[in-house]
Amino acid sequence: MRPKLFAGRVGPAVILLCSVALAVVLFRPNMRAQWGPWDDHGILQVLGPAHRASLGSALAQTSKFEELNLPGTGLRYRPSYALVQALEIWLFGDSLTAWYGARILAFGVMVACGWYLLAQAAGPVLGSLFALVLATRPYWARIFACLGPGETFSAPGAVVAILGIYWAWQGGRENNLRRRRIGWLLFSLGSLLAIGCKENMFWLAVPGLALGWWEWRQGRLTALSVCLSGLVAAYAGFVTGAVLLATGKLSQDLYSNPVGWTARFGILLGGLRTYWIVPAALIPALAAWATPFLPRRLSVRWIAWELAVLGVFAIQIVFYNGGWDSATRYAFPGEALIGFALFVPVISFWQERDTLQSSWSGLLWGGGGLLSAALLFVSWHNLQFLSPLIEYNVVVTRKFSTTVQRAAEQARKRPGEPVVLYTRGAGEWEAVSSVPMYLRFLRVENPVVLRVDPHFRRAGWSPAMVEKIQGELASYQSGGHWFAPAHVLSTATGCIEVSGYGPASPGSRCTFAGSLTP
């Protein structure tokens with residue numbers, strides 16, 4: 001006997017409408033945001049002073065980004081990212097409404113796909129509430145409230161890929177060829193997008209290969225499934241191989257951390273100790289397997305899902321050097337996997353609900369009710385962090401854009417006078433680096449010069465990363481990366497100064513336009 005309250009279904013149309021509505025409610029403040037200091041400079045660089053670019057021109061320029069170096073030469077390799085961003089630049093131009101509106105829509109579609117899957121896996125009540133928990137996690141503010149991160153594309157791509165795998169598998173079980181074809185196409189498109197926008201998503205190739213093997217065992221393997229699963233696996237291998245080759249050559253990762261096997265294994269063990277709850281979730285699954293009171297198929301399913309979650313989680317631990325800040329974009333998909341590790345028992349019991357003895361009915365009723373209340377509370381708790389972070393993004397982008405625009409206005413009135421960027425620490429690095437491209441976007445032709453505070457602050461970065469940042473800043477002072485050499489100041493009759501954070505530099509005689517960050 002199963003609790004009917006937790007049975008039934010939620011229609012796809014209802015899920016889609018509610019998901020988009022949730023996205024609008026959460027991210028509507030972002031429609032007041034401006035160009036930001038993180039990752040947006042690539043968009044501005046391609047748009048240039050004309051504020052628009054043809055598709056061909058955009059592709060030619062995004063293909064030169066760091067994310068699309070020659071394979072094996074850069075620590076990032078994201079072919080899909082370069083393609084999708086070129087398409088957005090061509091379609092949206094300089095319309096911030098279109099850019100931020102597209103993120104709201106992408107978030108809504110992603111939530112709808114995930115919600116649909118969870119409702120199928122754990123029922124309409126518990127599945128929907130867990131979807132709400134995942135949809136309100138704080139890290140979404142740094143993914144969908146910003147314009148440039150690769151996670152903006154990889155997160156929806158991953159969810160669409162998993163939806164595709166589910167549909168293809170379901171179509172195979174029901175002998176529904178149309179559903180299978182749609183499922184395989186969704187899987188391949190979602191996987192190519194996710195893997196090519198974020199290197200740590202290569203694991204998405206595995207479910208495709210597993211489903212292909214299952215179809216072969218069932219005598220249902222088709223040319224389409226062979227081609228698409230092979231394509232995704234080859235693409236994942238190509239992207240991963242390019243990154244591993246570059247990592248081996250440079251002997252360090254993007255953040256100057258060691259990449260040897262011994263170092264990575266130590267990072268993995270340390271990360272699993274920190275996030276002990278994920279490996280610990282296996283213990284009740286193994287206990288369920290050992291007890292005679294539960295169907296063996298339930299416990300096997302439970303163990304299999306926990307091992308799958310643990311495997312993908314271990315990849316994220318190694319990729320992110322042992323952990324992440326739960327309020328940053330790097331928390332995806334790791335933080336979501338922690339939730340899944342705890343939710344797998346619910347999925348396992350739900351899938352086997354009809355095989356459980358009637359004596360389990362009361363426990364399922366009580367457990368379902370308590371879990372529903374807990375999920376609602378966690379969603380409410382999440383919102384206390386997510387909403388302020390979305391608002392903070394508005395504050396940061398408006399502060400950054402206002403300061404740069406003010407400097408641009410003064411520079412146009414005083415042509416030839418250099419714009420001086422003054423930085424006090426490593427935390428201002430990205431904001432300072434993006435200003436020359438933003439000024440060019442605003443049609444400013446004045447030289448841009450960098451000055452570094454002699455008491456440069458580390459701002460929580462590792463010594464190796466600070467050394468790398470200081471090296472890049474030194475190259476800027478020598479005239480690299482859209483900057484003019486520092487000696488330009490010696491012949492200037494006046495200047496306009498912008499600080500990364502705080503007031504003007506001590507003793508500055510420049511006109512102060514403001515700081516980039518609040």
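# Report on a predicted protein chain

Asn321 is found in the loop between helices H15 and H16. This residue has a positive phi of about 55° although it is not a glycine. The structure in which it appears is a predicted model, and the report begins with the confidence of that prediction. The protein chain averages a pLDDT of 89, and 94% of the residues score at least 70. The start of the chain has low values: pLDDT stays under 50 over residues 1-7. For residues 1-7 the model has 24 contacts beyond four places in sequence.

## Backbone details in the loops

The loop that holds Asn321 also contains Pro333, which lies between helix H15 (296-319) and H16. A cis peptide bond joins Phe332 to Pro333, with omega at about 5°. Where is the other residue, Asn175, placed? Asn175 sits in the loop between helix H8 (151-173) and helix H9 (177-197). Phi of Asn175 is near 55°, a positive value in a residue other than glycine. The two asparagines fall into separate accessibility classes: Asn175 counts as exposed at 61% relative accessibility, while Asn321 counts as partly exposed at 25%.

## Salt bridges

How many salt bridges does a search of the whole structure find? The search finds 10 salt bridges. One of them is formed by Glu391 and Arg32, whose closest N and O atoms are 3.1 Å apart. This pair links distant parts of the chain, with Glu391 in helix H17 (residues 361-413) and Arg32 in the loop between helix H1 (12-27) and helix H2 (41-47), 359 residues apart. Because partly exposed covers values between 20% and 50%, Glu391 belongs to that class at 34% relative accessibility, and Arg32 does so at 42%.

A further salt bridge is that in which the side chains of Arg137 and Glu335 meet, at 2.9 Å from N to O. Arg137 lies in the loop between helix H6 (124-135) and helix H7 (141-144), and Glu335 in helix H16 (residues 334-351), so the pair ties together parts that are 198 residues apart in sequence. Arg137 and Glu335 are both buried.

The side chains of Arg414 and Glu417 also meet in a salt bridge, at 2.8 Å from N to O. Salt bridges that share partners join Asp39, Glu151, Lys198 and Arg329 into one network. In the pair of Arg414 and Glu417, Arg414 is partly exposed, with a relative accessible area of 24%, whereas Glu417 is buried at 16%.

The table lists accessibility for residues discussed in this report.

| Residue | Relative accessible area | Class |
|---|---|---|
| Arg32 | 42% | partly exposed |
| Ala33 | 2% | buried |
| Asn175 | 61% | exposed |
| Asn321 | 25% | partly exposed |
| Glu391 | 34% | partly exposed |
| Arg414 | 24% | partly exposed |
| Glu417 | 16% | buried |
| Ser434 | 2% | buried |

## Two buried residues

Ala33 lies in the loop between H1 and H2. Buried means under 20% relative accessible area, so Ala33, at 2%, is buried. Which residues does Ala33 contact, leaving aside its neighbours within four places in sequence? They are Leu96, Tyr100, Asn393, Val394 and Thr397. The C-alpha atoms of Ala33 and Arg398 are separated by 6.1 Å, although the two residues are 365 residues apart along the chain.

Ser434 is found in helix H18 (residues 429-441). Its relative accessible area of 2% makes Ser434 buried as well. Leaving aside neighbours within four places in sequence, Ser434 is in contact with Pro37, His41 and Phe400.

## The cavity

The structure holds one cavity of 30 Å³ or more. About 40 Å³ of space lies in the largest cavity. Its lining consists of Gly36, Pro37, Trp38, Asp40, Tyr100, Ala145, Cys146, Leu147, Asn393 and Thr397. By class, this lining has six nonpolar, three polar and one charged residues.

Some lining residues have already appeared in the contacts described above. Tyr100, Asn393 and Thr397, which are among the lining residues, are also contacts of Ala33. Pro37, another lining residue, is a contact of Ser434.

Notes. Residues numbered from 1 in each chain as written. Predicted model: local features only at pLDDT ≥ 70, side-chain atom pairs only at ≥ 80, totals over all residues. Heavy atoms only, no water. Salt bridge = Lys/Arg side-chain N within 4 Å of Asp/Glu carboxyl O. Helix = DSSP H or I, 4+ residues; strand = E, 2+ residues; numbered from the N terminus. Buried < 20%, exposed > 50% of the residue type's maximum accessible area, 1.4 Å probe, protein only. 1 Å grid on protein atoms, 1.4 Å probe; cavity = no way out; pocket = protein on both sides within 12 Å on 5 of 7 lines; lining within 4 Å. Points joined across faces, edges and corners; volume = space filled by probe spheres on them. Nonpolar A, V, L, I, M, F, W, Y, C, P; charged D, E, K, R; others polar. pLDDT = per-residue confidence, 0-100. Contact = heavy atoms within 4.5 Å.
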